[in-house]
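Here is a short report on one protein chain. Have the coordinates open while reading.

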Amino acid sequence: TDMEAWVGVDLDTGEQVSATEDAVWDLAFQRYTVKARGGVSGTGGVQVAIVPGTAFAALTQAPASGYVMDAADGPDTGDSPDTVFNAGDGWYVYDLPTHMLTPRDQLYVVRSDSGTYFKVRVQSYYDAAGTPAMMKLLWAKVAAPAGVRP
C-alpha cells in the first residue's frame with residue numbers, strides 16, 4: 001500500500017522479490033500501477049500480450065503475436081511510462097462515485113525473463129477487509145506459441 005515502494009514477483013519461481021533493482025522480477029506493483037521488466041522498465045526482456053474476452057481456463061498456449069514492452073510516456077495525461085498493464089483503458093475500471101477499482105475482464109500473457117510463458121489475470125485490488133493495493137493475481141504456465149521454444 002506504500003505510495004513509493006515497488007513489490008516484485010518472479011513468475012518463474014512464484015516468489016515475491018525485490019523490485020528495487022533490475023534483477024529477477026517479471027512484474028512489479030506500486031498501488032494500481034503494474035510494470036513488466038522489459039522496455040523502459042528494465043532489461044529483462046519481459047513482454048506482455050493482452051488477450052481480452054478469453055477465459056483463464058481456456059487459454060493453454062501463448063499467442064504467437066501481440067507482445068509489447070513497457071514504453072516511454074506517450075501523448076497522454078501525466079508523465080509516467082506507458083506500461084502494458086496501464087495502457088489504453090488499463091487493467092481496471094475506476095468507479096468515480098465509490099472510488100473503487102474493479103479489474104477488467106482481460107487476460108494477459110507474460111513472456112518472463114527466462115522465456116517461459118504465463119497467463120495472468122488480475123482478480124482483485126482489495127483484500128477481504130477492503131484494504132486497497134493488495135492485488136490478487138491468478139497465473140499459470142502455458143505452452144509457448146507454436147514453433148517457439150521456451
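## Ground rules and confidence

Contact here means heavy atoms within 4.5 Å. By that test, and not counting residues up to four places away in sequence, Ser 41 touches Trp 25, Lys 35, Ala 36 and Asp 70.

The model is predicted. The protein chain has a mean pLDDT of 90. Of its residues, 93% reach 70 or more. Among the elements, strand β9 (residues 117-124) has the highest mean pLDDT, at 97. Strand β2 (residues 15-18) has the lowest, at 90.

## A four-stranded sheet

Start with the open sheet. Four strands line up in the order β2-β1-β3-β4, and the pairing is antiparallel. β2 and β4 stand at the edges with a single partner strand each, so one side of each has no neighbour in the sheet. On average, neighbouring strands of this sheet are turned by 30° against each other, direction ignored.

Now take the pairs in turn. β1 and β2 are joined by four bridges in the antiparallel sense. Here Asp 10 has Glu 15 in β2 as its bridge partner. Strand β1 (residues 7-10) also pairs with β3, antiparallel, over three bridges. Val 9 has its bridge partner in β3, namely Leu 27. β3 and strand β4 (residues 33-36) run antiparallel and share four bridges. Ala 28 sits opposite Lys 35 of β4.

## Strand β3 and its hairpin

β3 covers residues 27-30. Leu 27 and Phe 29 point one way from this strand, while Ala 28 and Gln 30 point the other way. Are these residues of β3 buried or exposed? All four named side chains are buried.

The β3 and β4 strands form a hairpin, with two residues between them. One detail for a backbone check: Arg 31 in the turn has a positive phi of about 55°.

## The nonpolar cores

The largest nonpolar core holds 23 residues. Which members touch the most others in this core? They are Leu 27, Phe 85 and Trp 91. β3, β4, β8 (106-111) and β9 are the elements that give two or more residues to this core. β9 supplies the largest share, three residues. A second, separate core has 11 residues, including Phe 56, Leu 59, Ala 62 and Val 109.

In soluble globular proteins, nonpolar side chains tend to be buried together.

Leu 27 deserves its own entry. Leaving aside neighbours within four places in sequence, Leu 27 is in contact with Val 7, Gly 8, Val 9 and Leu 11. The list goes on with Lys 35, Ala 36, Phe 85 and Val 110.

## Two buried strand residues

Val 48 belongs to strand β5. Its relative accessibility is 0%, so Val 48 counts as buried, the cut-off being under 20%. Beyond neighbours within four places in sequence, the contacts of Val 48 include Ala 36, Gly 66, Tyr 67, Val 68 and Val 84. Phe 85, Tyr 108, Val 109 and Val 110 are also in contact with Val 48. Val 48 and Ser 112 are 64 residues apart along the chain, and their C-alpha atoms are separated by 8.8 Å.

Leu 101 lies in strand β7 (residues 100-103). Leu 101 has a relative accessible area of 10% and is buried. Not counting residues up to four places away in sequence, Leu 101 touches Tyr 32, Trp 91, Tyr 92, Val 93, Tyr 94, Tyr 125 and Tyr 126. Leu 101 and Gly 42 are 59 residues apart in sequence, and C-alpha to C-alpha they are 27 Å apart in space.

## Two buried loop residues

Ser 41 is in the loop between β4 and β5. Why does Ser 41 count as buried? Its relative accessibility is 13%, and buried means under 20%, so Ser 41 qualifies. The side chains of Ser 41 and Asp 70 are joined by a polar contact of 2.7 Å.

Thr 83 is found in the loop between β5 (47-52) and β6 (92-95). Thr 83 is buried too, with a relative accessible area of 5%. Not counting residues up to four places away in sequence, Thr 83 touches Val 34, Lys 35 and Asp 70. Asp 70 is thus touched by Ser 41 and by Thr 83.

Terms used. Residues are numbered from 1 along each chain as its sequence is written. This is a predicted model: local features need pLDDT of at least 70, side-chain atom pairs count only at pLDDT 80 or more; totals for chains, interfaces and linings use all residues. Side-chain values use heavy atoms; hydrogens and water are left out. pLDDT is the predictor's confidence in each residue, from 0 to 100. Buried means under 20% relative accessible area, exposed over 50%, partly exposed in between (1.4 Å probe, protein chains only). Two strands pair if DSSP finds at least two bridges between them. A polar contact is a pair of N or O atoms within 3.5 Å; within protein, one must be able to donate a hydrogen and the other to accept it, and residues adjacent in sequence count only if both atoms are side-chain atoms. Axes are lines fitted to C-alpha atoms, for helices over the stretch in contact, and angles run from 0 to 180 degrees between N-to-C directions. A nonpolar core is a set of buried Ala, Val, Leu, Ile, Met, Phe, Trp, Tyr and Cys residues joined through side-chain atoms within 4.5 Å.
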